[in-house]
Structures are given as C-alpha cells and as structure tokens.
Amino acid sequence: MLPRKSMTWVLLLLLLSPAIMNLSTSQSDARWAAKKRRLRDKVHKMFYHAYDNYMIHAFPHDELKPLSKSFTDSLSELGNLKLERLPQDYSGSALTLIESLSSLVIMGNNTEFQSAVVWLSENLTFNVDARVNLFECNIRVLGGLVSAHLLATDSTDRLGKGVYKNQLLTLAEDLGKRFLPAFNTPTGLPYAWVNLKYGVMENETTETSTSGCGSLILEMGALSRLTGDPKYESAALRALRKLWSMRSSLNLLGTTLDVSTGEWIEYSTGIGAGVDSFYEYLFKAHILFGKEEFWRMFHSAYIAVQKYFRHGPWYHEADMRTGKATYWQLTSLQAFWPGLQVLVGDIAAANSSHREFVYVWKKYGVLPERSVVHRSGRINCKFSELIHKSGWRFC
C-alpha cells in the first residue's frame with residue numbers, strides 16, 4: 001500500500017493530468033494554426049506576385065517573361081521543343097489568366113474572378129491559325145475553362161446576378177470541337193498536334209507520347225457530362241482503350257508510339273516524362289466518373305510499376321517488353337507519384353519516395369530536371385556530389 005503522502009500525489013496527478021493534456025493539446029493546436037496562417041499568407045503573397053505582374057506586363061498574351069518584364073505567346077510553343085511551325089499572327093489567348101481562374105476562387109477573390117470571366121467571354125476566341133499541342137492545350141486551357149465553369153455555377157453565388165450565362169462552358173465546347181479532328185486516325189489515337197483553325201495539318205507527325213493520348217479523359221469526359229454531348233468523352237475513351245490494349249504482357253506501356261500504325265517507337269518507360277499523367281488520369285478518372293474499368297486498368301498498371309520500376313524508394317526506367325532496367329535516373333516529372341500514392345492509399349510507399357525527393361530538393365535548392373543515379377557511386381555531371389544513405393549518388 002502506498003503511503004498517505006504518495007497517494008495524495010497520485011490522486012492529484014490523476015486529477016490534473018487531463019488539464020495538463022488539454023493545455024498541451026491546446027498549445028499544439030495553436031502552434032499548428034499559426035503555422036497554417038504563415039503558410040497561407042506565404043502562398044497568397046507568391047500567387048499575387050506572379051498574377052499581378054502577369055496582368056501588368058503580359059496580359060492578354062500567354063505568359064510573362066519575368067526578367068525582361070515582357071511576354072511570350074507560348075500556347076503554340078508548349079511541347080514544341082524544336083519551335084517548329086510557329087504561327088505568324090497568333091497574339092495569345094490569355095493562357096495565364098485561364099490557368100489562374102480557379103486559384104482566384106481559392107484565394108477568395110470573387111471580384112477578380114468575375115472580371116476575368118467577363119473579359120474572357122467578350123474577348124477570347126479559338127478561331128486562330130495556331131498549331132498547338134493537344135495534351136498541353138487540353139490540360140491548361142480546356143481544363144482551366146471547365147473547372148472555372150464548375151466554380152462559377154456552384155451553390156456559392158460568387159458571381160453577380162445575371163453576370164454568368166455559361167460563357168466559359170461555351171468557350172470550352174468550342175475548343176473541344178477543335179480537338180476532335182486530331183482523333184481521326186486509323187487507331188483512334190490522336191495526333192499530338194492540331195491547328196485550332198484548320199485541324200490536322202498536312203504532313204503532320206504521327207508520333208505522340210503515352211501521356212499525349214492517354215491523358216484526355218478527365219477534361220473531355222467532364223465536357224461531355226456538362227454539355228450532354230457524348231462525342232468528347234467517346235473520343236478520349238476510345239483512345240485510352242486502344243492505348244491500354246497495346247500494353248505488354250507485363251502490363252507496361254512504352255513512352256512514344258505512332259498514331260497511324262499503333263506501333264511503339266520507344267520501349268523504355270517509367271513514371272516520368274511521356275508517361276506520368278497516364279497513371280494519374282486513370283485513377284482520377286475512376287474517382288470522377290466511378291467507372292470500374294478505370295480502376296482495373298490503374299490497379300494492373302500500378303502493380304506493374306511497383307514490380308518493374310521500383311528500387312527501394314526510387315523508380316528507374318525499364319523495357320516494357322522485358323521489365324529489365326534501362327535508365328537509372330530521377331526526373332522532376334516523377335515528383336507527382338507520392339501524391340498519387342496518397343490518393344490510392346499506399347501511404348508507406350508514398351512517404352518513402354517523398355522523403356527522398358525532399359532530400360534531393362534540400363540538397364540543391366531545387367529538384368533537378370534529370371539526375372542520373374549510379375548504384376556504383378560514379379558521378380559524371382556538374383552537380384556536386386551527393387552520397388545518400390542508400391549508397392547511391394545523384395548528379
């Protein structure tokens with residue numbers, strides 16, 4: 001039996017412990033709330049630094065060139081690494097403004113959102129002689145218009161009465177119609193490039209990427225659901241199904257292919273450039289549309305990625321036919337993968353990969369676009385040496 005004095009202290013501790021825990025929890029909550037406010041304010045400041053300077057120095061052109069405080073009409077340049085067949089008279093489509101619409105709503109700036117909607121409805125046209133990358137134009141312009149339309153028509157009434165009459169959806173449908181000629185191929189796989197005014201140009205390249213023809217279902221599917229016209233979703237779904245039918249026996253897809261023949265051009269593949277958004281869109285399409293078909297595709301593809309690409313916390317590239325490693329490299333476009341894994345629920349794998357990306361980021365102050373990974377420890381590039389606990393070196 002405890003002495004009377006000891007029992008008194010035990011009883012006092014039991015009585016006080018909830019208060020102590022509540023105080024500790026309260027202090028922790030307060031610190032977390034303060035940190036969230038700081039991060040929110042930082043994001044707010046960063047967004048308006050970019051947005052305001054675009055509006056001052058570049059609007060209504062596509063993008064700001066921050067050092068020279070000038071602009072570029074880049075919609076026709078996106079994905080066009082060799083800058084071929086650039087239009088002569090194209091003067092921009094306010095690309096940055098379109099991409100900023102949903103951010104303005106998130107920031108709570110309904111006044112600027114309304115002004116942007118009015119300007120776009122009165123000034124934006126896609127009847128321009130400009131050859132654009134289908135993938136880039138889809139995710140940036142069509143996606144921006146569709147998401148902003150949804151925000152303009154939700155239950156919050158953030159736009160003034162009578163201001164919004166589906167103008168953004170009208171623009172989105174006009175753009176979607178201009179996409180459709182790209183799908184007129186023997187395979188149903190779309191050309192990578194389409195002229196917004198004239199359709200697919202003569203002697204257009206038939207080479208495209210897995211991402212380019214397998215990452216259209218979200219925007220075009222949403223457009224069909226909003227307009228009641230199934231042709232946009234049907235075109236994107238046909239392309240996706242054809243692409244999936246071209247997978248290897250290992251459930252892997254290559255990086256580039258020919259839209260006319262349906263043959264693979266590049267067999268080396270991974271989760272980075274040329275393939276990345278294929279995986280992302282499969283799972284998000286399952287979330288958005290609820291189709292089990294998308295889940296079955298994604299599940300098979302995800303298991304294959306984990307089996308043939310994963311090496312510890314990293315993902316290398318491999319031959320789609322054999323599963324044998326081809327390139328040992330980290331690329332910045334792989335950085336979406338941990339986020340996708342969180343959506344899937346594979347938290348342990350996401351945490352592992354995310355830690356490694358953050359480690360490299362902190363080392364260099366930026367995530368390198370491409371870093372060769374040598375298990376042997378050999379380094380042959382200009383980055384300073386980094387030897388990680390795994391024994392690998394990055395450059």
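**Exercise 1. Find how many bridges join strand 5 to strand 6, and which way the two strands run.**

Step 1: Locate strand 6 at residues 256-258 in this predicted model.
Step 2: Count the links to strand 5, and you get 3 bridges.
Step 3: Check the directions: strand 5 and strand 6 run antiparallel.
Step 4: Pick out one of the partners. Thr208 has Leu257 in strand 6 as its bridge partner.

A bit of background helps here: strands of a sheet pair through backbone hydrogen bonds, and they can do so in a parallel or an antiparallel way.

**Exercise 2. Work out which strands stand at the edges of the open sheet with the order 5-6-7.**

Step 1: Write down the order of the 3 strands, 5-6-7, and note that the pairing is antiparallel.
Step 2: Look for strands with a single partner. Strand 5 and strand 7 (264-266) fit that description, so each has one side left without a neighbour in the sheet.
Step 3: Add the twist, which averages 35° from one strand to the next.

**Exercise 3. Describe the largest pocket: its space, its lining and its mix of residues.**

Step 1: Start with the space, which comes to about 1500 Å³.
Step 2: Go to the lining. It has 47 residues, and the closest to the pocket's centre are Gly79, Leu81, Ser209, Ala273 and Gly274.
Step 3: Ask which elements give two or more residues; among them are strand 3 (131-133), strand 5 (207-209) and helix 6 (210-214).
Step 4: Find the top contributor. That's helix 9, with 5 residues.
Step 5: Sort the lining by type: 10 nonpolar, 20 polar and 17 charged.

**Exercise 4. Now do the second largest pocket: give its volume and sort its lining residues by type.**

Step 1: The volume is about 190 Å³.
Step 2: Read off the lining, which includes Gly143, Val146, Glu219 and Leu288.
Step 3: Look for the elements involved. Helix 4 and helix 7 each supply at least two of the lining residues.
Step 4: Split the lining by type, and you have 6 nonpolar, 2 polar and 1 charged.

**Exercise 5. Decide whether Thr187 is buried or exposed.**

Step 1: Place Thr187 first: it's in the loop between helix 5 (167-179) and strand 4 (193-195).
Step 2: Take its relative accessibility, 11%.
Step 3: Compare with the cut-off. Buried means under 20%, so Thr187, at 11%, counts as buried.
Step 4: See what its side chain sits beside. A polar atom of the Thr187 side chain lies 3.1 Å from the backbone nitrogen of Leu189.

Conventions. Residues are numbered from 1 along each chain as its sequence is written. This is a predicted model: local features need pLDDT of at least 70, side-chain atom pairs count only at pLDDT 80 or more; totals for chains, interfaces and linings use all residues. Side-chain values use heavy atoms; hydrogens and water are left out. On a 1 Å grid over the protein atoms alone, a cavity is a set of points where a 1.4 Å probe fits but cannot get out, and a pocket is an open set with protein on both sides within 12 Å along at least five of seven lines; lining residues have an atom within 4 Å of a point. Grid points are joined across faces, edges and corners, and a volume is the space filled by probe spheres set on the points. Helices (H or I, at least four residues) and strands (E, at least two) are DSSP runs, numbered from the N terminus. Ala, Val, Leu, Ile, Met, Phe, Trp, Tyr, Cys and Pro count as nonpolar, Asp, Glu, Lys and Arg as charged, and the others, Gly among them, as polar. Two strands pair if DSSP finds at least two bridges between them. Axes are lines fitted to C-alpha atoms, for helices over the stretch in contact, and angles run from 0 to 180 degrees between N-to-C directions. Buried means under 20% relative accessible area, exposed over 50%, partly exposed in between (1.4 Å probe, protein chains only). A polar contact is a pair of N or O atoms within 3.5 Å; within protein, one must be able to donate a hydrogen and the other to accept it, and residues adjacent in sequence count only if both atoms are side-chain atoms.
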